Amino acid sequence: MTASASSVLPLNSWSDLLTAYGGVRSQTEALAAPLAIEDYGVQSMPDVSPPKWHLAHTAWFFENFLLVPYLQGYQLFHPQFGYLFNSYYEAVGPRQPRPQRGLLSRPTVADVYRYRAWVDRHMADLLTQKLTPFVQNLVVLGLEHEQQHQELLLMDILHIFAQNPLRPAYHVPRVPPLGTNPPATWIDYSGGLQELGYGGQAFHFDNECPQHRVWLDPYQLQSQPVTNGDYLAFMDDRGYQRPEFWLAPGWARVQQEQWQAPLYWEQTAGSWSQMTLGGMQAVDPAAPVCHVSYYEADAYARWSGACLPSEQQWECSARLHPVAGNFVESGYLQAVPIVGEQFFGNVWEWTQ
């Protein structure tokens, strides 16, 4: 991942819902603003959705799960949009197959923005009413869901632009600070009986509960993510040519697809560059490596004489550190050099 979307800020009262709703919805459209009209409908592979689809799907979510059941007299914007813009909600009904979302030249981009405006206008009506806690929580779920799609939108734009030989830039990148690349250290954790999951009353996804106990033996975890410089050392040591570091399915993929470097990396005249949302840039050795598969992350860990942490180890360690780092609000929209310890921001991290 190149950037992480921030969570919806805790609401002081449910009267803040309308403000929060407007902020999240505006942010989605701000992220789409740099696109040209020709960019909106491209689907570069089955796991990528066209930007236009993200814009419509997030409107459909509020329409289907809030306006239809809870706003009296609400009329659908278009009776077939439920089929076009449902994603994977089996209970809701049939849907356009995911690999065929790029075939939807209609509705037009203008139609999709009108759809969003229609939903926003009626959501404003709903949010001025007295809502039950259940409906209020549905609104927050919708906002968290839209922020997930903001991150997906940026991921998909990067893949779409990376397929273009022109290597276009989505935005003019903000120049990140120079990295001092401090050496990573190993932090000791005592383990023992630990509680995992969420047990509070604030917003959380259903897969974050119930809270439960696990036993962890003492362990060490590196103080920061693996850097591009670290990963270049693995590549220079013929990491992609040595099967002893790879799980069998991963080694098969290396051979089948001729992997030589992380996704979006290109070598020219002996130097590595990578495709970013700001176009092609030189690989910064001090920044965290990203766009590696699970197999690559596991192979690197074995090569380095370590292993990937378990999910339980990562969660118990991360909760001891402040939630601070490079998030989407920084404007970098890519991983930037690490300063000190880092458990949040910049990149998603692989576990076992």
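Let's begin with helix α5, which has 30 residues: at 1.5 Å a residue these should span 44 Å, and the C-alpha atoms at the two ends of α5 are indeed 44 Å apart, so expectation and model agree. Keep in mind as you look around that this is a predicted model. Now ask where α5 sits with respect to everything else. Of the 30 residues of α5, 23 are buried, so the helix is largely enclosed by the rest of the structure. One residue you can pick out in α5 is Q147. Its relative accessible area is 12%, and because buried means under 20%, Q147 belongs to the buried residues.

Next, find a partner of α5. Two packed helices are described by the angle between their axes and the distance between the axes. Helix α2, residues 51-70, packs against helix α5, residues 133-162, at an angle of about 170°, and the axes are 9 Å apart. The two helices are therefore roughly antiparallel to each other, because an angle over 145 degrees counts that way. What kinds of residues make up the contact of α2 with α5? There are 17 nonpolar residues, six polar ones and two charged ones.

Just before α2, stop at S49, in the loop between α1 (17-32) and α2. Is S49 buried or exposed? With a relative accessibility of 3%, S49 counts as buried. Once you set aside its neighbours within four places in sequence, S49 is in contact with V42, H54, R101 and D156. With one of these, R101, S49 makes a polar contact from side chain to side chain, at 2.7 Å. If you have the model open, try locating S49 and R101 together.

A second pair of helices makes a good comparison exercise. Helix α6 covers residues 228-236 and helix α8 covers residues 294-303; they pack at an angle of about 80°, with 11 Å between their axes. That angle makes α6 roughly perpendicular to α8. On the α6 side, the contact is made by D230, Y231, A233 and F234, while α8 brings in E296, A299, Y300 and W303. Sorted by class, the contact of α6 with α8 has six nonpolar residues, two charged residues and no polar ones. There is a small pattern to look for along a helix: an α-helix has 3.6 residues a turn, so residues three or four places apart point the same way.

Let's turn to the backbone, beginning with two prolines. A cis peptide bond joins R106 and P107, with omega about 5°. P107 is in the loop between α3 (81-85) and α4 (109-127). Another cis peptide bond joins C209 and P210, and here too omega is about 5°. Where is P210 found? Look in the loop between β2 (192-196) and β3 (212-216).

Those two strands come up again when you look at α9. The buried residues of α9 are Q313, C316, S317 and A318. What covers these buried residues? The cover includes β1 (186-189), β2, β3 and β4 (219-222). C316 also lets you relate α9 to the helix where we began: the C-alpha atoms of Q147 and C316 are separated by 25 Å, and the two residues are 169 residues apart along the chain.

The last stop is the segment after α9, where L333 lies. L333 is not a glycine, yet it has a positive phi of about 55°. At 7% relative accessibility, L333 counts as buried. Next to look at is Q334, also in the segment after α9, and with a relative accessibility of 9% Q334 counts as buried. The side chain of Q334 makes a polar contact with the side chain of Q281, at 3.0 Å. Q334 also shows how the chain can bring sequence-separated residues together: Q334 and G278 are 56 residues apart in sequence, and their C-alpha atoms are 8.6 Å apart in space. Finally, N346 is found in the segment after α9. N346 has a positive phi of about 70° although it is not a glycine, and at 1% relative accessibility N346 counts as buried.

Note on methods:
Residues numbered from 1 in each chain as written. Heavy atoms only, no water. Axes fitted to C-alpha atoms, helices over the stretch in contact; angles between N-to-C directions. Helix = DSSP H or I, 4+ residues; strand = E, 2+ residues; numbered from the N terminus. Parallel < 35°, antiparallel > 145°, perpendicular 65-115°, else oblique. Contact = heavy atoms within 4.5 Å. Nonpolar A, V, L, I, M, F, W, Y, C, P; charged D, E, K, R; others polar. Buried < 20%, exposed > 50% of the residue type's maximum accessible area, 1.4 Å probe, protein only. Polar contact = N/O pair within 3.5 Å; in protein donor to acceptor, adjacent residues only side chain to side chain. Expected span 1.5 Å × (residues − 1).
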